[in-house]
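User: I would like a close look at one part of this model, the aromatic pairing, set against the chain as a whole. Please keep the answer connected.

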Amino acid sequence: MKSVNRRDFLKLSGTTLIGMTLGGVALRANAQEHLSEDDATAKALKYVSQSTVEGSQCGNCMYVQGDASAEWRPCAIFPGKQVNTNGWCSAWVKKPG
């Protein structure tokens, strides 16, 4: 089993708590507006609509929900907004499985 250092554990725990709190059916129903890179929360989390981090995209993040074939999907980190599946932000966590 791979050991997890303290920083990674805290990051994963914090983002998981946020995702669980903001996620769910209500998120999918309310997310309509596309997230802009100029949005204050997007800037704080360094969101970009085209990922420059190899293998890390919104489409394979555990916080993105909705139809896997859609270009824009709801994200638990940005309630009420849709993110580009090719995007990335600093809250990215690989989807299990």
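What percentage of the residues in the chain is buried, and where does the aromatic pairing fit in?

Analyst: This is a predicted model. Of the 97 residues in the chain, 31% are buried. The accessible surface amounts to about 6300 Å², and carbon and sulfur atoms account for 55% of that area.

The fold is built from 3 helices and 3 strands, arranged along the sequence as α-α-β-α-β-β. Contacts in the chain reach far along the sequence: taking those between residues at least 6 apart, 71% join residues at least 24 apart.

Now to the part in question. The structure contains 1 aromatic pair. Its members are Y47 and F78, whose rings sit 5.9 Å apart, centre to centre. The angle between the ring planes is 65°, and because planes over 60 degrees apart count as edge-to-face, the pair is classed as edge-to-face.

The two residues come from separate parts of the chain. Y47 belongs to the loop between α3 (40-44) and β2 (72-75), while F78 is in strand β3, which covers residues 78-84. The pair therefore ties together parts that are 31 residues apart in sequence.

Both partners belong to the buried portion of the chain. Y47 has a relative accessibility of 3%, and F78 likewise has 3%. Buried means under 20%, so Y47 counts as buried, and so does F78. In short, the aromatic pair joins a buried loop residue, Y47, to a buried strand residue, F78.

Methods
Residues are numbered from 1 along each chain as its sequence is written. This is a predicted model: local features need pLDDT of at least 70, side-chain atom pairs count only at pLDDT 80 or more; totals for chains, interfaces and linings use all residues. Side-chain values use heavy atoms; hydrogens and water are left out. Helices (H or I, at least four residues) and strands (E, at least two) are DSSP runs, numbered from the N terminus. Buried means under 20% relative accessible area, exposed over 50%, partly exposed in between (1.4 Å probe, protein chains only). Contact means heavy atoms within 4.5 Å. Accessible areas come from the Shrake-Rupley method with a 1.4 Å probe; for residues, only the protein chains shown count as cover. Rings of Phe, Tyr and Trp (its six-membered ring) pair if their centres lie within 6.5 Å; planes under 30 degrees apart count as stacked, over 60 as edge-to-face and the rest as tilted.
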